[in-house]
Each structure stands twice: as C-alpha cells, then as structure tokens.
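Here is a short briefing for a reader with the sequence and the model at hand. Please look over both before going on to the points below.

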Amino acid sequence: MSQGPRSGLAAVSSALLAMSRHLEVRDVLKTIVASARELLDAQYAALGVPDDHGGFAQFVVDGVGEEQWKAIGPLPRQHGILAAMLQEARPQRLADVRKDPRFEGWPSAHPEMSDFLGLPVRDGDEVLGALFLANKNCARPQGGCGFTEDDEELLAILAQHAAIALTNARLYERSRELTIAEERSRLAHELHDAVSQKLFSLRLTAQAATALVDRDPARAKGELQQVAALAAEAADELRAAVVELRPAALDEDGLVATLRTHIQVLDRAHAARVTFTSQGVRALPAAQEEALLRVAQEALHNALRHSGAQRVEVTLGKRGPGTVLRVTDDGGGFDPTTVRRAGRHLGLVSMRDRASGVGGTLTVESAPGKGTTIEMEAPGG
C-alpha cells in the first residue's frame, strides 16, 4: 500500500470496524460506500444491490450531493460496466470508463467520471452487489495516475468483509421480521381470547338484563351497569393490543424514549397507575435494547391483564457496568416455584430466553398476595 504500513492498516481497521457496527442493511450499505471512498481516496463511490428485474433494489452513493442525486433521476439499470461486474463477477479497472466499448453514457446531471475501479460483492456464488469507485484524487500529469493494482487488492479485501457485514445485516433483519411476526401472532391470539371472553360475558349479561327489565327493574339496572363495565374492559383490551401492535421506534427514538411513550399510553388505557423512571442509561446495542423492551412489554402485559394490580412501576437504571430494568406491581402475585404453570401463563420462559440471548439475566420475585417484581440486567449502557 502506498500509504505506508501503519497508516494503511489503521485505515483498513477503521473501515472494517465501521462496517461491523451496523445491523440495518441500509446503514451497512452506506458505511461500505463511505469507507471504500475514504480508504482509496476517490471522488465518487457507489454500491448497487441488484433486483430480479434488471434494475437495482438499492443504490447507495457517496460523493454526490443530495440535489445532484435527485437531478440525476431514477436508479440505473443493469447495463454497461455495472452489468459486467454483476454478470462476469470479476474486477473492472479502467483508465477511462468513457472509452470502454461497454460504456453506454449517463444522464446529463451525472458527474463526469474517468478512471474507474469496480468489483462484485459476493457471498460464495451469490453476487450481493456491485461496488465501484471513480476519479482517484491525485495529480494527473499528462493524464496519468488512476487506480492501481494495490488499490484493486485493497478494495477486494474490503468487498470480502462487506459481503460478511451485508449478509449479517440481512440475517438480522429477517430474524427481526420473524420476531415481529411471532409477536403479532401472539397478540392476535391473546386479543381473540380476551375480547371473545368479554363479548360472551357481555351478551349473557345483556340477555339477563332483558329478562329482568319487566319483573325486577332494580336487578336489570344492575345487570346493565355490568354490561357497561364489560364493554369498557373490552375497549381497554383493544386499545392495549393496538398499542402493542405498533412497531417500536427503537431505531429512531432509543430505548428510554420508546419505553416512556409506551408506558404513557398504557397508563391512559388502563385503570391501574403505570409509571416510568430512568436515570443514567446510555444507548445500548440494538439487540439488547430490543430484548429489554420486549421483557418490559411482557411484564407489563402480565401486570395489567392478569395480576389485578392498581399500580405498576417501571424503572431503568445503571448497576455497575450493566443496565437494569425493573417492573414492579402490587397485584395478586404467584408462586415462582411453580415453574411450569408460571412459565406457561406468564411468559417467564420467553423473558428468560430474551435476557440470556443478549448475555443478561432475569430474576422474578413474587408470592401470592404480595405482588411481583421482574428484573432484567443486561451488560453495557
């Protein structure tokens, strides 16, 4: 590497670390492109992820301003040099891309490019995308300079790690989609059971009130009051389910803000008082934040729907090097030693799996008539 061993290795290390920090596919693509352009000192960089229809599902650029990018127009099709990289799956290093017989031009707003270096990003035999750079920043006496063989080798190393990062990001997103689908299925099942029971009771009570209205108006009035109470409970169930079906805004707002918003809505939707306090918690890795949120949601679900609690307190804070979530209620409680019953009805197995999946622990303190405290500790924060 022309930069020298120390600066070159440091730059490569920084680029690889930057790629490994992200789990969202779009973020990984942006980081790959920015890292490649900086590492090889190019004016422009881009990465295209092909679709199945001759175009690109995603196309990320670096070095082109937002206004210019909008002026360029629609995403490119798979043609010319881009198609060659995807179809032939080998590097393309050109002194002037415009003079290559495969060059087919570009839109009027497209920046002028000359020297070009591109290669596919591959996972085994699958081509995940095409990564390319244009216009190396260097002096050009009599048209010289351009990308070198060393540049090509360096970009090949980066592309190999980019394939790993992109594959991991795709697996993460698929895993999260499956988790969301499982959560929605669980909520749909619970919603069906809870609301069906309420509506069945509602119908029976209304029938009883109808039978009593002539011969015992006082009792009929009592039954009608019960109808109103059951209708209100059914509405609470529906509102709470709608709240849980909303996707968590962890990516945009972070764990603390997402929990606070979620708990504020639950406090309005239920008769019980639900409060939240947080102190000293910084941003955590995405997997840990999601696990903490899901454990909080499960514990809140138990407290508000099964325990008969009048008050539920949620706290999030620091303990040594870790972050601790605590959900405490003053409800009926249960016997934690009855593992099978508690695990089946209260989701304790699921919560323990979520905690252990991110290197954390889950503890449960409860007793009949004494309320319940569920605590999850996760590393970091």
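What follows covers the overall make-up, then selected helices, salt bridges, a strand residue and unusual backbone angles.

The model is predicted. Its secondary structure comes to 10 helices and 10 strands. The protein has 381 residues, and 44% of them are buried.

**Overall make-up**

- Take the contacts with a separation of 6 or more: 61% of them are between residues 24 or more positions apart.
- The accessible surface is about 20,200 Å². Carbon and sulfur atoms hold 52% of that surface.
- The structure holds 13 salt bridges. Several are taken up below.

**Helix H2 and the residue after it**

- Helix H2 covers residues 25-39, 15 residues in total. At 1.5 Å a residue it should span 21 Å, and its end C-alpha atoms are 21 Å apart, so expected and modelled spans agree.
- The buried residues of H2 include Val25, Val28, Leu29, Ile32, Val33, Ala36 and Leu39. Two polar residues, Thr31 and Ser35, are also on the buried list.
- An α-helix has 3.6 residues a turn, so residues three or four places apart point the same way.
- Aspartate 41 comes just after H2 and takes a positive phi of about 55°. The residue lies in the loop between H2 and strand S1 (42-50).
- Aspartate 41 is partly exposed, because its relative accessible area is 38%.

**A buried arginine in helix H8**

- Arginine 294 sits in helix H8 (residues 286-305).
- Which side chain of opposite charge is nearest to arginine 294? That is glutamate 290, at 4.3 Å. A salt bridge needs the atoms within 4 Å, and arginine 294, though buried, has no salt bridge.
- The side chain of arginine 294 does make a polar contact, at 2.8 Å, with the side chain of glutamine 297.

**Salt bridges**

- Glutamate 88 pairs with arginine 90 in a salt bridge, with the closest N and O atoms 3.1 Å apart. Glutamate 88 is partly exposed at 39% relative accessibility. Arginine 90 is partly exposed too, at 43%.
- Arginine 98 and glutamate 112 form another salt bridge, their closest N and O atoms being 3.1 Å apart. Both residues lie in the loop between strand S3 (92-94) and strand S4 (116-123), so the pair ties together parts that are 14 residues apart in sequence.
- Arginine 98 has a relative accessible area of 38% and counts as partly exposed. Glutamate 112, at 48%, is also partly exposed.
- Aspartate 267 forms a salt bridge with arginine 273, and here the closest N and O atoms are 2.8 Å apart. Aspartate 267 counts as partly exposed at 21% relative accessibility. The cut-off for buried is under 20%. Arginine 273 is partly exposed at 41%.
- Shared partners link salt bridges into one network of Arg319, Arg326, Glu375 and Glu377.

**Threonine 328 in strand S8**

- Threonine 328 belongs to strand S8 (residues 322-329). Its relative accessible area is 24%, so it is partly exposed.
- Which residues does threonine 328 touch, leaving aside those up to four places away in sequence? They are Arg311, Val312, Glu313, Thr372 and Thr373.
- With threonine 373 the link is a polar contact: the two side chains are joined at 3.3 Å.
- Threonine 328 and glutamate 375 are 47 residues apart in sequence, yet their C-alpha atoms are 8.5 Å apart in space. Glutamate 375 is also a member of the salt-bridge network.

**Positive phi outside glycine**

- Most residues other than glycine have a negative phi.
- Aspartate 41 departs from this pattern: it is not a glycine, but its phi is positive, about 55°.
- Asparagine 135 also has a positive phi, near 60°, and is a residue other than glycine. Its place is in strand S5 (residues 126-136).
- Is asparagine 135 buried or exposed? Asparagine 135 is buried, because its relative accessible area is 9%. Aspartate 41, by contrast, is partly exposed at 38%.

How values were computed:
Residues are numbered from 1 along each chain as its sequence is written. This is a predicted model: local features need pLDDT of at least 70, side-chain atom pairs count only at pLDDT 80 or more; totals for chains, interfaces and linings use all residues. Side-chain values use heavy atoms; hydrogens and water are left out. Helices (H or I, at least four residues) and strands (E, at least two) are DSSP runs, numbered from the N terminus. Buried means under 20% relative accessible area, exposed over 50%, partly exposed in between (1.4 Å probe, protein chains only). Contact means heavy atoms within 4.5 Å. Accessible areas come from the Shrake-Rupley method with a 1.4 Å probe; for residues, only the protein chains shown count as cover. The expected span of a helix is 1.5 Å times one less than its number of residues. Lys and Arg count as positive and Asp and Glu as negative; His and the chain ends are not counted. A polar contact is a pair of N or O atoms within 3.5 Å; within protein, one must be able to donate a hydrogen and the other to accept it, and residues adjacent in sequence count only if both atoms are side-chain atoms.
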